[in-house]
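Hi,

Here is the structure I said I'd pass along. Have a look at it first, and then read on for my notes.

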Amino acid sequence: MRLLVVEDDRDINRQVVSALEEAGYVADKAFDGEEGAYLGESEPYDAIILDMGLPKADGVTVLQKWRRAGIKTPVIILTARDRWSDKVDGFDAGADDYVTKPFHMEELMARVRALLRRATGHATSQISCGPVVLDTRSGRVYVDGNPIKLTSHEYRLLAYLMHHTGRVVSRAELTEHLYDQDFDRDSNTIEVFVGRLRKKLAVDLIQTVRGLGYLVDPNQPAPRV
């Protein structure tokens, strides 16, 4: 899952990006409203963390611009403004959640997980598909209750597919959502990671839909207890 952090305080920006990366996400960053607005319009993010008090263009203006353009990416407002009227302005502009500074990083990460779950139709931090369980809170994967050791790229690939169970995901879409904007993207590497995942999971979870991409079927048999 790929996120954008738009925050002009470089220390906070760095801390949030680091926390997201440690949690298994890919994160891009912007430090003003103009850059953030451009990235939010041009890149397919799964969620955006947006500060309200930005230089060049404030967060509410940026968010309103995105929503007018039909961009539905979930947005968490991150700001030092704690008046109820500021919160109302943020929500009315199209925000999905609101976190005031100072904040605990664990709370922000929990809100990110919840936002991504809601956006993809999942109710809890554990996503199950047959014998495979993805624990988004701990960043761990289990097959029949046994932990499976995955690399960060393998985990991100599996997490994206399991968040989007029931629909075919193309290699191009996976490439866009698994790598940051500065990464030299090559969709052929997706096949390599899918092959590694299949070997490590040792279950028939990821289906290849020829000419279209990959599918994780949500109607897998229930995990053995």
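Below is what turned up, taking a helix pair first and then a cavity.

Keep in mind that this is a predicted model.

The helix pair is H6, which covers residues 152–163, and H7, which covers residues 171–178. They pack at an angle of about 120 degrees, and their axes are 10 Å apart. Angles from 65 to 115 degrees would count as roughly perpendicular and those over 145 as roughly antiparallel, so H6 and H7 are oblique to each other. Their crossing is right-handed.

Which residues make the contact? On the H6 side, they are Arg-156, Leu-157, Tyr-160 and Leu-161. H7 brings in Glu-173, Leu-174, His-177 and Leu-178. Sorted by class, the residues of this contact come out as five nonpolar, one polar and two charged.

Now the cavity. The structure has one of 30 Å³ or more, and the volume of the largest cavity is about 90 Å³. Its lining is made up of Met-1, Ala-23, Gly-24, Tyr-25, Arg-113, Leu-116, Arg-117, Thr-136, Tyr-155, Arg-156, Ala-159 and His-163. By class, that lining has six nonpolar, three polar and three charged residues.

Where does the lining come from? Helix H5 (105–120) and H6 are the elements that give two or more residues to it. H6 supplies the largest share, with four residues.

One residue to look for in the viewer is Arg-156: it takes part in the contact of H6 with H7, and it also lines the largest cavity.

Cheers

Key
Residues numbered from 1 in each chain as written. Predicted model: local features only at pLDDT ≥ 70, side-chain atom pairs only at ≥ 80, totals over all residues. Heavy atoms only, no water. Axes fitted to C-alpha atoms, helices over the stretch in contact; angles between N-to-C directions. Parallel < 35°, antiparallel > 145°, perpendicular 65-115°, else oblique. Left-handed = near helix turned anticlockwise from the far one by under 90°. Contact = heavy atoms within 4.5 Å. Nonpolar A, V, L, I, M, F, W, Y, C, P; charged D, E, K, R; others polar. 1 Å grid on protein atoms, 1.4 Å probe; cavity = no way out; pocket = protein on both sides within 12 Å on 5 of 7 lines; lining within 4 Å. Points joined across faces, edges and corners; volume = space filled by probe spheres on them.
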